[in-house]
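Student: Before we go into details, could you take me through this model step by step, with the reasoning behind each value?

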Amino acid sequence: MSTSEFVRPAGFLGNLNSRNHHRALAVFMIIVVAHWAEHIVQAVQIYGFGWPTTRARGVLGMPFPWLISQEWLHYGYALVMLAFLWALRKGFAGRSRQWWNLALALQFWHHIEHLLLFIQAQSGWRLGGGKVPSSIVQLLIPRVELHLFYNTIVTIPMIIAVVLHRRASAAERELTQCLCGAPKQPALAA
């Protein structure tokens with residue numbers, strides 16, 4: 001075996017972070033950016049169009065208003081996002097790994113906030129004695145603005161990580177065994 005060859009890690013996570021990392025990362029990032037865009041649209045509906053918060057439901061919430069009011073859906077998304085940030089982490093190295101780790105840490109806290117909202121929605125207990133479920137930081141910052149902020153501070157480090165990852169050095173690619181940033185090989189003539 002030459003020094004440029006390496007053995008791919010075995011198993012689902014090994015494949016996810018090597019030969020399938022590019023596809024998995026692309027799908028995940030499309031979902032994350034689309035979710036972030038939903039929060040941006042909701043903010044535009046409130047601050048740009050002057051809609052009341054109860055009417056501002058983003059793009060998908062307009063035809064499907066139940067999406068906005070289901071805490072299990074929001075918690076499920078936060079949990080899935082946390083799981084994919086963890087699962088795709090081994091495909092990153094160097095500075096891209098640092099940015100990905102920052103997004104993972106921020107999403108962990110965001111997940112805790114959603115878990116707290118979910119528990120309140122299921123139990124009837126309310127943090128701070130409020131009328132509706134509230135997260136810890138939501139006691140200080142309104143929910144729409146807070147979740148736009150959370151999604152922004154998680155998404156931006158992810159985007160930075162992906163850009164750095166796509167420009168990974170040969171040493172980083174060998175370390176992670178990921179082919180995302182590998183130079184394309186010319187097609188062989190038939």
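Tutor: Let us begin with the salt bridge, keeping in mind that this is a predicted model.

Student: Is Arg143 buried, partly exposed or exposed?

Tutor: The relative accessible area of Arg143 is 25%. Buried means under 20% and exposed means over 50%, so with its 25% Arg143 is partly exposed.

Student: Which residue forms a salt bridge with Arg143, and how far apart are the closest N and O atoms?

Tutor: The structure holds 1 salt bridge, and it links distant parts of the chain, with Arg143 in helix α6 (residues 143–166) and its partner in helix α4 (residues 71–87), 72 residues apart. That partner counts as buried, at 10% relative accessibility. The residue is Glu71, and the closest N and O atoms are 2.8 Å apart.

Student: At what angle do helix α2 and α4 pack, and how far apart are their axes?

Tutor: Helix α2 covers residues 21–48, and its crossing with α4 is left-handed. The two helices pack at an angle of about 145°, with their axes 12 Å apart.

Student: How many nonpolar, polar and charged residues does the contact of α2 with α4 have?

Tutor: On the α2 side the residues are Phe28, Ile31, Val32 and His35, which meet Tyr77, Met81, Phe84 and Leu85 in α4. Sorted by class, the contact of α2 with α4 has 7 nonpolar, 1 polar and no charged residues.

Student: How many helices and strands does the chain have?

Tutor: Read along the sequence, the pattern is α-α-α-α-α-α-α. The secondary structure therefore comes to 7 helices and 0 strands.

Key. Residues are numbered from 1 along each chain as its sequence is written. This is a predicted model: local features need pLDDT of at least 70, side-chain atom pairs count only at pLDDT 80 or more; totals for chains, interfaces and linings use all residues. Side-chain values use heavy atoms; hydrogens and water are left out. A salt bridge is a side-chain nitrogen of Lys or Arg within 4 Å of a carboxyl oxygen of Asp or Glu. Helices (H or I, at least four residues) and strands (E, at least two) are DSSP runs, numbered from the N terminus. Buried means under 20% relative accessible area, exposed over 50%, partly exposed in between (1.4 Å probe, protein chains only). Axes are lines fitted to C-alpha atoms, for helices over the stretch in contact, and angles run from 0 to 180 degrees between N-to-C directions. A crossing is left-handed if the near helix is turned anticlockwise from the far one by less than a right angle, and right-handed if clockwise. Contact means heavy atoms within 4.5 Å. Ala, Val, Leu, Ile, Met, Phe, Trp, Tyr, Cys and Pro count as nonpolar, Asp, Glu, Lys and Arg as charged, and the others, Gly among them, as polar.
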